[in-house]
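Let's take a friendly walk through a protein together. Have a look at the picture first, and then we will go from one spot to the next.

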Amino acid sequence: MMSLAIVYSRAQVGIEALPVTIEVHITQGLPNLSIVGLPEAAVKESKDRVRSALINSNFRPPQQRVTINLAPADLPKEGGRFDLPIALGILAAMGQIPSDTLDQYEFIGELALTGELRPVRGILPMALQVRRAGRKLVLPDQNADEAAMVSHVSILSIKHLRDICNHLDQHPTITPRITTEPPNPALAHHIGDLSEVRGQHHAKRALEVAAAGGHNLLMVGPPGTGKTMLAGRMPSILPPMTEAEALETATIVSVASAGFDPETWGIRPFRSPHHTASGVALVGGGSQPRPGEVSLAHHGVLFLDELPEFDKRVLEVLREPLESGHITISRAAHQAKFPSNFQLIAAMNPCPCGYLGDPSGRCGCHPDIVRRYRSKVSGPLVDRIDIHIEVPNLPRSELHNTAARETSEIVRQRVLIARQQQLQRCGKPNRLLNNREIEQFCQLSPQDERLLDRAIEQLGLSARAWHRILKVARTIADLSRSESIHTSHLTEAITYRRLERQG
Ligand SMILES: Nc1ncnc2c1ncn2[C@@H]1O[C@H](COP(=O)(O)OP(=O)(O)O)[C@@H](O)[C@H]1O
Ligand SMILES: [Mg+2]
Ligand SMILES: [Zn+2]
């Protein structure tokens, strides 16, 4: 009888699937099952589930002294996901299943008391690592579709502990599933089309410029003018995701929730958390840190409606992802870093009642109140939003204008061409240009430099605004396929900072 068995699995840290070795040792002594390397609270539950799953699968539970060691010890480990490898390790160490092929596999899955498998989180990053390790992945049936998003890895999906024991015991009974091609992007039926938005030509143009350069966008206007409608259509004019982007976004969903839905593969996320959402829900956190909305929006759009209503501290936290493309979550024991490279779209009313400047004169907000309202979003965050626009009430004539409007696909083609120019020039969208790159790629004629100087002085803008205007002007030039920035490009870029003066 063999007394030691080794089984491979993976823990989940941030968005990574780190290797975990499960060693099961059986020695003479009083019957006792001990687990080392799992948090105290998880140990008892895991023991109970494993023992009962073994009995209900018609195996003998161990009658000797069993020591189970999960290494390395310092990884944060959630108990449930190791049930399956622990059970198999016990069976192999007791000689109830053969152990000679165990090292070809990695195992993951929570056991029900009946021996049935329950799905776990974070399958996608695990499948990627199992492929890299050259092993086969054994997992709960309900996780199989998610794992199959990763090509060229053998997936053995099981419903019950018995399934895999039979497979290991006799000649193989489970046919591995192997995806040979990366998946096709899903069709985003649910995203509305830009052609549904009436009027608001200025706003649509700004949305296109924002999409083309990856710029963040702030919309200010009374209720019901189409701000939410416009923001929701941003993903429909952004470039399609690359496979690497799709994989990253899917990985975040995979570790955040019970699983990634293959139906959403390759669709840029659009996240619009409510302003009452908790800080953890927005930026991520928890004792086993999980990604929040800012990470679920990775490679897509984060829409903050009613911006001034958000907790100021939460808005402050957005500075890190806006600058670095990731967010760090610190907990006493561990630090987790999640990708968080999103395009921010924010919307707000011009005043607390929403009708400041309305021709009806129905706004009765005192100027002090308006100032306090605006000041909630002033400062560092708004400073990082390249494009500010007004979205006013729609004139009657536009409401009944039946002329054909451009579809998202047509706009997206222009966005794509502008993006390609940026990628060739600098390998990234214009929003991410640093100061040195701005000096190099966003040069103005001497007259235009004076024009920009005067505008900044008149509008009372900060020194930062200078660089932001140049980046946006660069994008506008790219949209008109111009290598140099012309006066018309610059003046349009300046209009996107006007609101700041009133703020
Ligand atoms: N410009 C527009 N074109 C077409 N429909 C509009 C427009 N603006 C508003 N609507 C209609 O009014 C509803 C509310 O618009 P919404 O985008 O929520 O406005 P806001 O976010 O500015 O308050 C939309 O669902 C849409 O039916
Ligand atoms: Mg709205
Ligand atoms: Zn008002």
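Let's begin with a single cysteine, C353. Keep in mind that this is a predicted model. C353 has a relative accessible area of 32%, so it counts as partly exposed, because that value lies between the 20% and 50% cut-offs. Compare that with C351: its relative accessible area is 0%, which is under 20%, so C351 is buried.

What do C351 and C353 hold on to? Both are protein donors of the zinc ion (ligand 3), and C363 and C365 are donors too. Each of these cysteines offers its SG atom, and the distances to the zinc ion run from 2.1 to 2.4 Å. If you trace the donors along the sequence, you will find the spacing C-x1-C-x9-C-x1-C. Why is the arrangement around the zinc ion (ligand 3) called tetrahedral? The four donor atoms subtend angles of 106 to 113°, and these fall between 85 and 135 degrees, so the arrangement earns that name.

Now step back and look at the whole protein. The domain assignment divides it into domain 1 (4–169), domain 2 (194–410) and domain 3 (433–503). Taken over C-alpha atoms, the centres of domain 1 and domain 3 are 58 Å apart. The C-alpha trace spans about 85 × 45 × 45 Å along its principal axes. You can count 21 helices and 18 strands in the protein. Of its 503 residues, 53% are buried. Among contacts between residues at least 6 apart in sequence, 73% join residues at least 24 apart.

Next, let's see how a pair of helices fits together. Two packed helices are described by the angle between their axes and the distance between the axes. For helix 6 (residues 201–213) and helix 16 (residues 408–426), the angle is about 35° and the axes lie 8 Å apart. Their crossing is right-handed. Which residues meet here? From helix 6 come E208, A211, A212 and G213, while helix 16 brings V411, R414, V415, A418, R419 and Q422.

Our last stop is S52, a serine in helix 1 (residues 40–56). Is S52 buried or exposed? Its relative accessible area is 18%, which is under 20%, so S52 is buried. From S52, look across to A246, which is 194 residues away along the chain. The C-alpha atoms of S52 and A246 are separated by 40 Å.

Key: Residues numbered from 1 in each chain as written. Chains lettered and ligands numbered in written order. Predicted model: local features only at pLDDT ≥ 70, side-chain atom pairs only at ≥ 80, totals over all residues. Heavy atoms only, no water. Donors = N, O, S within 2.8 Å, 3.2 Å for Na, K, Ca; no water. Tetrahedral: all angles 85-135°; square planar, octahedral: opposite > 155°, others 65-115°. Buried < 20%, exposed > 50% of the residue type's maximum accessible area, 1.4 Å probe, protein only. Domains from an automatic or database assignment. Helix = DSSP H or I, 4+ residues; strand = E, 2+ residues; numbered from the N terminus. Axes fitted to C-alpha atoms, helices over the stretch in contact; angles between N-to-C directions. Left-handed = near helix turned anticlockwise from the far one by under 90°. Contact = heavy atoms within 4.5 Å.
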